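User: I am new to this structure and would like to understand it through a series of questions. Please show the sequence and the model before we begin.

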Amino acid sequence: MGQLRADEFDRFVAARWSALLHLARLLTGGDRHRAEDLLQEALVKLWFAWPKVAEQAPEAYVRRILARAAARSARRRWWGEHPVDRLPDPPEAGDETAAVDERTRLEAMLALLPPRQRAAVVLRYYQDLPEQHVAEVLGCPVGTARSLTARGVARLRQLLADAVEPVEAVE
């Protein structure tokens, strides 16, 4: 796009920004952050179409983009980030050795499970595979995979509970 076209685009945006932002806020139910994102998305689309619409009705084009994008956005379950006025407190530094110890203990207890139960638990919870895929990998029906997983988790809970050693006070 030539410099003249870019200058025309910049002038249009500068002149119409507040009116377009107001429209976007109305379309998003008053959410300023979503409105800004929506307007930015619309202006990017306008930039690419500018040579075709600059001489016609660029504001009508942007309004149509905003309305369609707002309708599409309203159907989404999640819009990405949710801006807040106050930042959350940073997480406290934890004891990394405790996490490593817990993981090592869990791996040791996993080793005590029968091989098919261990495979079912690892595939289902560590690999996060759905039950159907676990059954396919193990070469068994879904019910069997579900049973192996449930029994493996129950056995793991029992092993982990039995392995907890009470802390004795030192005198």
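Analyst: One definition is needed at the outset: a residue is buried when its relative accessible area is under 20%, exposed when that area is over 50%, and partly exposed in between. Please also note that this is a predicted model.

User: Is Lys45 buried, exposed or partly exposed?
Analyst: The relative accessible area of Lys45 is 36%. Buried requires a value under 20% and exposed a value over 50%. Lys45 therefore counts as partly exposed.

User: With which residue does the side chain of Lys45 meet in a salt bridge?
Analyst: The partner lies in helix α2, as does Lys45, and the two are 4 residues apart, which means a separation of about one helical turn. The N to O distance of the pair is 3.6 Å, inside the 4 Å limit for a salt bridge. The partner has a relative accessible area of 30% and is partly exposed. The residue is Glu41.

User: How far apart are the closest N and O atoms of Glu102 and Arg105?
Analyst: Both residues belong to helix α4 (residues 96–111), where a spacing of 3 residues separates them by about one helical turn. Glu102 is partly exposed at 41% relative accessible area, and Arg105 is partly exposed at 26%. Their side chains form a salt bridge, with the closest N and O atoms 3.2 Å apart.

User: Which residues are joined into one network by salt bridges that share partners?
Analyst: The whole structure contains 6 salt bridges. In one of them, Arg16 and Glu59 meet at 2.7 Å, N to O. Arg16 lies in helix α1 and Glu59 in helix α3, so this pair ties together parts that are 43 residues apart in sequence. Through shared partners, the network consists of Arg16, Glu59 and Arg63.

User: Which helix supplies the largest share of the largest nonpolar core?
Analyst: This core has 20 residues, and those touching the most other members are Phe12, Leu46, Val62 and Leu66. At least two core residues come from each of α1 (3–27), α2 (32–53) and α3 (58–75). The largest share, 8 residues, is supplied by α2.

User: Which residues does Phe12 contact, leaving aside its neighbours within four places in sequence?
Analyst: Phe12 is among the core residues that touch the most other members. Contact here requires heavy atoms within 4.5 Å. Under that limit, the contacts of Phe12 are Leu20, Leu46, Trp50, Pro58, Glu59 and Val62.

User: What accessible area do the residues of the nonpolar surface patch have together?
Analyst: One member, Trp47, is found in helix α2. Trp47 is partly exposed, with a relative accessible area of 31%. The patch is formed by Val44, Trp47 and Phe48, whose accessible area together is about 310 Å².

User: Is Gln117 buried or exposed?
Analyst: Gln117 is found in helix α5. Not counting residues up to four places away in sequence, Gln117 touches Leu148, Arg151, Gly152 and Arg155. Its relative accessible area is 14%, and the limit for the buried class is under 20%. Gln117 is therefore buried.

User: What distance separates the C-alpha atoms of Val122 and Val134?
Analyst: Val122 has its place in helix α5 (residues 115–126) and is partly exposed, at 28% relative accessible area. Beyond four places in sequence, Val122 touches Leu110 and Gln127. Val134 is 12 residues from Val122 along the chain, and their C-alpha atoms are separated by 9.4 Å.

Notes: Residues are numbered from 1 along each chain as its sequence is written. This is a predicted model: local features need pLDDT of at least 70, side-chain atom pairs count only at pLDDT 80 or more; totals for chains, interfaces and linings use all residues. Side-chain values use heavy atoms; hydrogens and water are left out. A nonpolar core is a set of buried Ala, Val, Leu, Ile, Met, Phe, Trp, Tyr and Cys residues joined through side-chain atoms within 4.5 Å. Buried means under 20% relative accessible area, exposed over 50%, partly exposed in between (1.4 Å probe, protein chains only). Patches are made of residues with over 30% relative accessible area and no salt bridge: like charges are joined within 9 Å, nonpolar side chains (Val, Leu, Ile, Met, Phe, Trp, Tyr) within 5 Å. Accessible areas come from the Shrake-Rupley method with a 1.4 Å probe; for residues, only the protein chains shown count as cover.
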